[in-house]
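Please open the structure in your viewer and keep the selection panel at hand, since each stop on this tour begins with something to select.

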Amino acid sequence: MILFWLIVILMAGSFLAWLSSRWSSVAPKWIALVAVLIDFLAAASFWIKIASFNYPAAGNTLIAGNKGLWFTELNWMWIPSFGISFHLASDGLSLLLVMLTLFIGVLSVLISWNEIQYKVGFFYFNLLWILAGIIGVFTAIDLFLFYFFWEVMLIPMYFLIGIWGSKNRIYASFKFFIFTQSSGLLMFLSILGLFFLHGKATGVYTFDYMQLIGTKMAPNVAMWLMAGFVIAFIVKLPAVPFHNWLPDAHTEAPTAGSVILAALMLKTGAYGLIRFVLPLFPDAARTFAPAAMILGAIGIIYGAVLAFAQTDFKRLVAYTSVNHMGFVLLGVFALNEMALQGVVMQMLCHGISTGALFIIVGALYGRIHTRDIEQMGGLWDKVPRMGSMAMVFALASLGLPGLGNFIAEFLVLAGAYQASNWTTAISTIGLVLSTMYSLRIMAKVFLGKPRKTWTLEDLNLREMIVMGSLTIVILWLGLFPNHVLYVSRASIQSVVNTVNASSTAAGQANTLLQDLPLDKTEKKNDDISLKQKDRQKEQIKIEEQIKTEEQLRTEQQIKAEEPIKTEEYMKSEEHTKGGIRQ
Amino acid sequence: MTTEGLFSLLPLFLLSGFAVILMLLIAIYRDHNLTFWFTLAGFTASFASLFFIQAVLPRQIVPILIIDNYALLYWGMIILASSAVAVLSYNYLKEHEEQKEEYYILLMTATLGACTMSSASHFISFFLGLEILSVSLYTMISYLRDRLESVEAGLKYLVLAAASSAFLLFGMALVYASTGTMEFARISESLSANGVNALTLSGFAMMVIAVGFKLALAPFHMWTPDVYQGAPAPVTAFVATVSKAGMFGLWLRFFVMINGYRYGSLLILFTVISIASMFTGNFLALMQNNVKRILAYSSIAHLGYLFVAFLAGGKLAIEATTFYLVAYIITSLGTFGIVTVLSGKMRDAEDIEDYRGLYWRRPLVATVFTAMLMSLAGIPLTAGFIGKFYLVSAAVNSWLWLPVIILVINSAISVYYYLRIIVVMYRRIDEVTPAVETTTGTLATVGPVMQPSISLGGGLVLAVLTLALIWVGVFPGNIIQFIKDMVSSLSSAAMPMHTAQKIMLFR
């Protein structure tokens, strides 16, 4: 129930904030702040409650109907005729991301306090809707519901950029919307493909994630279906060929918008890869992994180089996201626990550190009304507090030990090295490059000779609270990473186990299923139910074969495995042929 | 014909009866208010009678009409949409025309025509319904006689509709020549017994021209933008919704009854038409600056989407297309309703500049318009999203990937022009220039062209439509179930697509 309330409180808050703007321009801010704070505290107390008990046992495998993973679950019928349910659930991974969302949510309300003067009510309406949508994305376990939230978070973000953005905002908002919307549609097609594939194979038409897991499909079908998901997620991430929308959207958005985009929305892509792509298409994911890791490496280097070349402060920070998200892609497709845990850390730390950098850019822009770093320089003397805060997060961004990002990047690289040493070696160059751009921020903006004489105030109390809490969190993540890693461990392990479990059984299952594309068994008569029954029988047969085979394998010595394999294989081939003739 | 048979025709009797009453009423006492209320009473009575006749259904009336739950559903949709148009028209006409009252008679007869079509089971009733609808529409489209575009649109519609009727008649004649009957059911029997020959197929192809014309499918869409732009805004709403619902209801029934899914050539024809409509509609909409024209092209694209699911065949296709039609009607009525309530005395609020900064001046209207456009774009929380989901799932179920992928590409294109309107509405007021050059060439300030305030009736209709839009978008379960039950009379007759045809269709 708590997940439901998290979303409802935000939505109710958004409408209240909007309505209250008719009477007062201050009320919307307070209503938004209170709503997000209540949510944050509720989620935090939930985490504490969970932490005081034991986390779910590690070593789970994601299989249909396994409920042991979830801390909390909520399942209501929504559109029964399509097997669509309002199914929210949270495991360690989603809990961490929900916490991040609400933490950043509180901060983004605070940083917009004075920046937004125009149509305050509608601004906070959109802000809270985005947060609600993102929480929905992180907790939806029904694929239809997931897509629903995926789209819901888009529109308010579009308004946020399009109405409160800076000069080139219309262009940026269009680009953002069309990129994400069209890639989302591809994912939707894949979801439908999966839905019907599963329905036709088992007779159960459902969008439920836990039931769709383990759907058997031919490798080329799996590849196409996975492509839809992957495109949607790596556009959002973004990985290199699809990163085009990001610098524009980040640069033109108001500060809160940039913070939410960088800290939260990019994470939905990474989350999707871990939650959906790997468990739903383990075999296809393994085939795709080398290519994805190369894309990740390219992103790391390309993002860093472009970040270094920017003269617009905000654009620079935007490109660092491309660099950091490269690590995420690299880690996800390394397909081992260490790398994936690193990805979880990277998601959190990038959220904090890049969010903080965007807040500094926003605060600076609010004072000197330019983002051109050529005009800045030597600002430390005038704004020492801002300078030192920027220093902390520039160092975090380059991966200084003691701050969270170090742990994240280290884990990702160490894990990825086991999967592909060359790609990882190349990615490591990115670390050097990220040092360069991070130090360039400090050198150009805060150190060196002042190029203009600005008169500006240092961070005020509100801003110091925001930056201070971010600093505490990034230090905490850097010094006690186990607090977080322990939470996500069970869910990451279950994903890794699912991928590995399929790799042992998949080789044969796939060869069997290849002979069973959907049409070839069709006969002249169009009686669907008969066909379905036939298919079900086939399916059951194959599953039984796989099961017996696995049992046999564990019983036999490894040496003796080869002959059995071939024998079984021939047997099973006979079975299938017989099945077709039926 | 039994008394029960007569009784089941009650909704149609009421519609035609009220048309006559209105005529007499105008002859005796000409009053806009009175006529309007009588019109509404007529629609209400006719709609209410739907509930009473349900007990005696399904029923075949002689050979020409079939009244079953499917027909009832379409009647309900048509009558409700027509009443919405009537309410929207009331304020619009109040400002515009000297002779307002006859408009309502035409509205009544046009509705009657559409209802007849959706329950036709014979070429005679098909043609009769079509002509009742078309002839009423000629006049309705050119109702504002002092507006040149309106008259031009009417004339254009007249010429093209007449030509398409000629094609339809010729097509019917060819089918009759080869099958020897005009009843849908018996045509089906004859086709099953004797197979299909070139004569029948060319007959069907000619009928498709007329159907395509009425539904504004490419390449028979040429009239659409001009007529949509020229016609008075509420009439545009009528053309976009009621006339298409009537025609689609009929064509779906006809196609299912003759089991047209057997004929690969027909399916390929519809695939081509559907793809052409999607691309034509969306690409041309990208280039428009006139909101009415944008919506016209968008409606062409939407009918293209509809036919993607139509191609899928089987039970799911009937449900999906009907559901989509419901969503489409709600949305189209909403969008044209907005244009109507904003339109001033001089001209309709059709220039995209008229909408500049609308959100800051009329937050509610702009929010409603945004919701409607989002629904057209197929974004969650709206009926359009569920509708598109239904369409795509029907098509994916039949593994029709080519049309589906084209649908997705087109959805992405379409987002651009819907967003354009939304962007204009949300432009910050400090950017809004007071005087805007309009397409008509007059330098007009934004204010006076538009209605100073929203009429009560118009506001009410929009409120109801918005609620329906969100309700269907968020809790579609009941409506899906309702539609399933209602169309079951037809979908039980639907056969799954033939395997050979599926392969032909890029399965």
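Select α14(A) and show the rest of the protein as a surface: this helix is mostly covered, with 27 of its 32 residues buried. Bear in mind, as you look, that the model is predicted.

Staying with helix α14 of chain A, which runs over residues 337-368, you can check its length for yourself: at 1.5 Å a residue it should span 46 Å, and because its end C-alpha atoms are 46 Å apart, the model agrees with that expectation. Now move to the residue that follows α14(A), which is H369(A), and look at its backbone, where phi is positive, near 55°.

Next, colour the two chains differently and select the contact between them, which takes 43 residues from chain A and 49 residues from chain B. The area buried between chain A and chain B is about 4100 Å², and carbon and sulfur atoms give 75% of it. If you search here for charged pairings, the count of salt bridges between chain A and chain B is zero, while three residue pairs, both residues at pLDDT 80 or more, are in polar contact.

Which elements of chain A supply at least two residues each to the side that touches chain B? Select β1 (72-79), α4 (120-139), α5 (143-152), α6 (154-164) and α7 (169-202) of chain A, and you will have them in view. Of these, linger on α7(A), which gives the most to that side, with 16 residues.

Finally, colour the side of chain A that touches chain B by residue class, where you will find 30 nonpolar, five polar and eight charged residues.

Methods
Residues are numbered from 1 along each chain as its sequence is written. Chains are lettered from A and ligands numbered from 1 in the order in which they are written. This is a predicted model: local features need pLDDT of at least 70, side-chain atom pairs count only at pLDDT 80 or more; totals for chains, interfaces and linings use all residues. Side-chain values use heavy atoms; hydrogens and water are left out. Contact means heavy atoms within 4.5 Å. Buried area is the accessible area (1.4 Å probe) that two parts lose on being put together, summed over both. A salt bridge is a side-chain nitrogen of Lys or Arg within 4 Å of a carboxyl oxygen of Asp or Glu. A polar contact is a pair of N or O atoms within 3.5 Å; within protein, one must be able to donate a hydrogen and the other to accept it, and residues adjacent in sequence count only if both atoms are side-chain atoms. Helices (H or I, at least four residues) and strands (E, at least two) are DSSP runs, numbered from the N terminus. Ala, Val, Leu, Ile, Met, Phe, Trp, Tyr, Cys and Pro count as nonpolar, Asp, Glu, Lys and Arg as charged, and the others, Gly among them, as polar. The expected span of a helix is 1.5 Å times one less than its number of residues. Buried means under 20% relative accessible area, exposed over 50%, partly exposed in between (1.4 Å probe, protein chains only).
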